[in-house]
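Subject: Structure handover

Dear colleague,

Here is the structure I said I would pass on. My notes on it follow below.

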Amino acid sequence: MAQIDSKEKAKDADATPGYVAGRVGVVGLGLMGGSFARAFRAADVDVYAWNRTRSTLELAEIETVRGELTDEVVGTCELIILAGYPQSAIDWLAQKADLIAEGAIVIDTVGVKRIICEKCGEIAQGRGWHFVGCHPMAGTQYSGFAHSRATMFKGAPMVVVPPEGMDDFERVDILERLKRLLAPCQFGSFTPASAPVHDRMIAFTSQLCHVVSNAYVKSPTARDHHGFSAGSYRDLTRVAHLNAPMWTELFLDNADYLSDELGIIIKNLQDYKDAIDGRDAAELERLLADGDRIKREIEGR
């Protein structure tokens with residue numbers, strides 16, 4: 001009976017929400033948060049923001065956001081986007097949890113999901129609003145509001161980790177609302193995943209790439225490459241330039257999966273080195289052909 005009463009209350013809350021329909025709050029105006037804010041502004045959506053650095057917020061207030069995401073405004077937002085570092089996103093949500101409106105949706109943009117979904121899910125537990133783990137698969141090697149743009153997410157995938165403890169109908173309803181609210185961002189697809197699946201995949205598709213690129217430019221030869229490099233060098237070094245404090249936090253929050261991937265690539269590189277050191281043409285050709293074959297299979301060629 002208590003469960004029925006709870007659902008009835010939820011329906012009543014949805015019927016008379018405390019938020020302003022469609023209003024968005026963005027927490028953090030870096031590359032991701034700034035791009036969300038610009039996309040909503042371009043679509044004439046009512047968007048407010050909070051940022052640790054006051055000067056960035058003041059700049060955004062001139063051209064992008066309607067105003068500051070103060071404690072009074074938090075409770076009027078239907079969607080709140082946590083676009084900071086993992087721990088800062090968790091801390092902000094813990095501090096403002098009681099201000100968020102009944103029925104509102106809170107998402108994040110953090111590149112790891114287990115720690116975020118666990119901590120933010122615990123904060124949302126028993127409250128009338130919902131936390132949905134999200135990771136927009138878009139970005140550049142640059143950081144900061146100055147590099148954000150309204151078209152950052154156009155055509156990009158959005159990975160979504162639905163809340164636990166919901167039945168299928170509730171989950172579908174939340175995800176459909178989220179798609180509607182994020183429509184101005186023009187995501188190309190929404191991919192549901194569990195937090196562990198997301199973190200395992202992202203260790204390979206993103207984090208390992210940053211580590212390898214960052215390590216690659218530490219060769220002494222890198223300082224003398226000008227005039228001798230083209231596309232291969234540019235492609236491999238694009239993400240060597242990174243936000244070290246942010247990526248340190250992300251790597252350590254996903255240390256187990258990332259370490260596994262590093263172990264695999266170290267072993268594979270050792271195989272190439274052994275073949276080259278031994279002048280073993282047959283083995284080297286086999287290794288190269290195997291890599292080419294796998295790449296073609298992955299691309300369906």
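Lysine 96 counts as buried because its relative accessibility is 18%, where buried means under 20% relative accessible area, exposed over 50% and partly exposed in between (1.4 Å probe, protein chains only). Its side chain meets that of aspartate 71 in a salt bridge, 2.7 Å from N to O; a salt bridge here is a side-chain nitrogen of Lys or Arg within 4 Å of a carboxyl oxygen of Asp or Glu. The pair links distant parts of the chain, with aspartate 71 in helix α4 (residues 71-74) and lysine 96 in helix α5 (residues 86-96), 25 residues apart. Aspartate 71 is partly exposed, at 38% relative accessibility.

This is a predicted model, in which local features need pLDDT of at least 70 and side-chain atom pairs count only at pLDDT 80 or more, while totals for chains, interfaces and linings use all residues. Residues are numbered from 1 along each chain as its sequence is written, and side-chain values use heavy atoms, with hydrogens and water left out.

Other salt bridges

The whole structure has 21 salt bridges. In one of them, the side chains of arginine 177 and glutamate 78 meet at 3.0 Å, N to O. Arginine 177 belongs to helix α7 and glutamate 78 to strand β4 (residues 77-82), so this salt bridge ties together parts that are 99 residues apart in sequence. Both arginine 177 and glutamate 78 are buried.

Arginine 296 and aspartate 292 form another salt bridge through their side chains, at 2.9 Å from N to O. These two residues are four apart in helix α12, so about one helical turn separates them. Arginine 296 is partly exposed at 36% relative accessible area, and aspartate 292 is partly exposed at 38%. There is also a network of salt bridges that links Arg23, Asp46 and Arg66.

Overall layout

The chain has twelve helices and eight strands. Helices (H or I, at least four residues) and strands (E, at least two) are DSSP runs, numbered from the N terminus. Taken along the principal axes, the C-alpha atoms of the chain fill a box of roughly 75 × 50 × 35 Å. Of the 301 residues, 40% count as buried.

Helix packing

How do α11 and α12 cross, and how far apart are their axes? The axes come within 8 Å, and the crossing angle is roughly 150°. Axes are lines fitted to C-alpha atoms, for helices over the stretch in contact, and angles run from 0 to 180 degrees between N-to-C directions. α11 and α12 are therefore roughly antiparallel to each other; the classes are roughly parallel under 35 degrees, roughly antiparallel over 145, roughly perpendicular from 65 to 115, and oblique for the rest. The crossing of α11 and α12 is left-handed, a term that applies if the near helix is turned anticlockwise from the far one by less than a right angle, with right-handed if clockwise.

α8 packs against helix α10 (residues 244-253) at an angle of about 125°, and the axes of the two are 11 Å apart. That angle makes α8 oblique to α10. The crossing of α8 and α10 is also left-handed.

Along α8

Helix α8 covers residues 195-216 and includes tyrosine 216. With a relative accessible area of 39%, tyrosine 216 is partly exposed. Together with Val217 and Leu236, Tyr216 forms a nonpolar patch on the surface, with about 230 Å² of accessible area in total. Patches are made of residues with over 30% relative accessible area and no salt bridge, with like charges joined within 9 Å and nonpolar side chains (Val, Leu, Ile, Met, Phe, Trp, Tyr) within 5 Å. Accessible areas come from the Shrake-Rupley method with a 1.4 Å probe, and for residues only the protein chains shown count as cover.

Threonine 205 is found in α8 too, and is partly exposed at 41% relative accessibility. From threonine 205 to isoleucine 123 the distance is 29 Å, C-alpha to C-alpha, with their positions 82 residues apart in sequence.

Positive phi

Two loop residues belong in these notes for their backbone. Arginine 279 is not a glycine, yet has a positive phi of about 50°. This arginine 279 lies in the loop between α11 (255-277) and α12 (281-299), and is exposed, with a relative accessible area of 68%. Glutamine 186, another residue other than glycine, has a positive phi near 60°. The loop that holds glutamine 186 runs between α7 (168-181) and β8 (189-192), and glutamine 186 is partly exposed at 41% relative accessibility.

Regards
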